[in-house]
Amino acid sequence: MDNILSNLIFLPVIGALVIVGLGRGRDGFCRGFALLVSGVVFAMSVPLFTRFREDTAQMQFVEHVPWIRGIGANYSLGIDGISLPL
């Protein structure tokens with residue numbers, strides 16, 4: 001559960017790239033695949049609601065990874081009570 005936020009962001013992007021790569025003429029498969037990816041993303045988001053602690057104002061499910069060390073850029077994600085339903 002360490003990278004759940006990154007997975008929730010990038011899984012739909014990967015699914016969209018797969019659909020674009022299939023080309024035209026596979027509309028039914030593309031719809032089904034998009035529905036599958038959406039269902040997986042929804043299922044992965046359920047633990048965010050069940051494990052979210054409402055008694056703190058701290059960011060939760062935080063991910064922090066150094067990205068470009070030369071300039072001190074970091075990849076950071078986290079959710080709070082306002083961003084949880086979004």
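**Exercise 1. Place serine 45 and find its polar partner.**

Start with burial: serine 45 has 16% relative accessibility and counts as buried, a term that stands for under 20% relative accessible area, with exposed over 50% and partly exposed in between (1.4 Å probe, protein chains only). Before going on, note that this is a predicted model, in which local features need pLDDT of at least 70 and side-chain atom pairs count only at pLDDT 80 or more, while totals for chains, interfaces and linings use all residues. Residues are numbered from 1 along each chain as its sequence is written, and side-chain values use heavy atoms, with hydrogens and water left out.

Next, the element: serine 45 sits in helix H2. Helices (H or I, at least four residues) and strands (E, at least two) are DSSP runs, numbered from the N terminus.

Last, the partner: a polar atom of the serine 45 side chain is 2.7 Å from the backbone oxygen of phenylalanine 42. A polar contact is a pair of N or O atoms within 3.5 Å; within protein, one must be able to donate a hydrogen and the other to accept it, and residues adjacent in sequence count only if both atoms are side-chain atoms.

**Exercise 2. List the largest nonpolar core and look at three of its members.**

Step one is the term: a nonpolar core is a set of buried Ala, Val, Leu, Ile, Met, Phe, Trp, Tyr and Cys residues joined through side-chain atoms within 4.5 Å. The largest one has ten residues: Ile4, Leu5, Leu8, Val37, Val41, Leu48, Phe52, Phe61, Ile79 and Leu84. Two or more of these residues come from each of helix H1 (4-22) and helix H2 (27-51).

Step two is leucine 48. Setting aside residues up to four places away in sequence, leucine 48 touches Ile4, Leu5, Leu8, Phe61, Ile79 and Leu84, where contact means heavy atoms within 4.5 Å.

Step three is valine 41, which belongs to helix H2. Valine 41 is buried because its relative accessible area is 17%. With residues up to four places away again left out, valine 41 touches Leu8, Leu11 and Pro12. Valine 41 and leucine 8 are 33 residues apart along the chain, yet their C-alpha atoms are separated by 6.0 Å.

Step four is phenylalanine 61, in strand E1 (residues 60-68). Its relative accessibility is 19%, so phenylalanine 61 counts as buried. Check the backbone too: phi of phenylalanine 61 is near 55°, a positive value in a residue other than glycine.

**Exercise 3. Trace the contacts of serine 6 and leucine 77.**

Begin in helix H1, the place of serine 6. Serine 6 has a relative accessible area of 10% and is therefore buried. Not counting residues up to four places away in sequence, serine 6 touches Glu63, Tyr75 and Leu77. For the pair serine 6 and glutamate 63, the sequence separation is 57 residues and the C-alpha to C-alpha distance is 8.1 Å.

Now follow the contact to leucine 77, in strand E2. At a relative accessible area of 21%, leucine 77 is partly exposed. Beyond its neighbours within four places in sequence, leucine 77 is in contact with Leu5, Ser6, Ile9, Phe61, Val62 and Glu63.

**Exercise 4. Describe the largest pocket.**

First, the idea: rolling a probe the size of a water molecule over the atoms shows where empty space is left. On a 1 Å grid over the protein atoms alone, a pocket is an open set of points where a 1.4 Å probe fits, with protein on both sides within 12 Å along at least five of seven lines; lining residues have an atom within 4 Å of a point.

Second, the volume: the largest pocket has about 220 Å³, counted as the space filled by probe spheres set on the points, with grid points joined across faces, edges and corners.

Third, the lining: 13 residues line the largest pocket, and Leu5, Leu48, Ile79, Ser83 and Leu86 lie nearest its centre. At least two lining residues come from each of H1, H2 and strand E2 (73-79).
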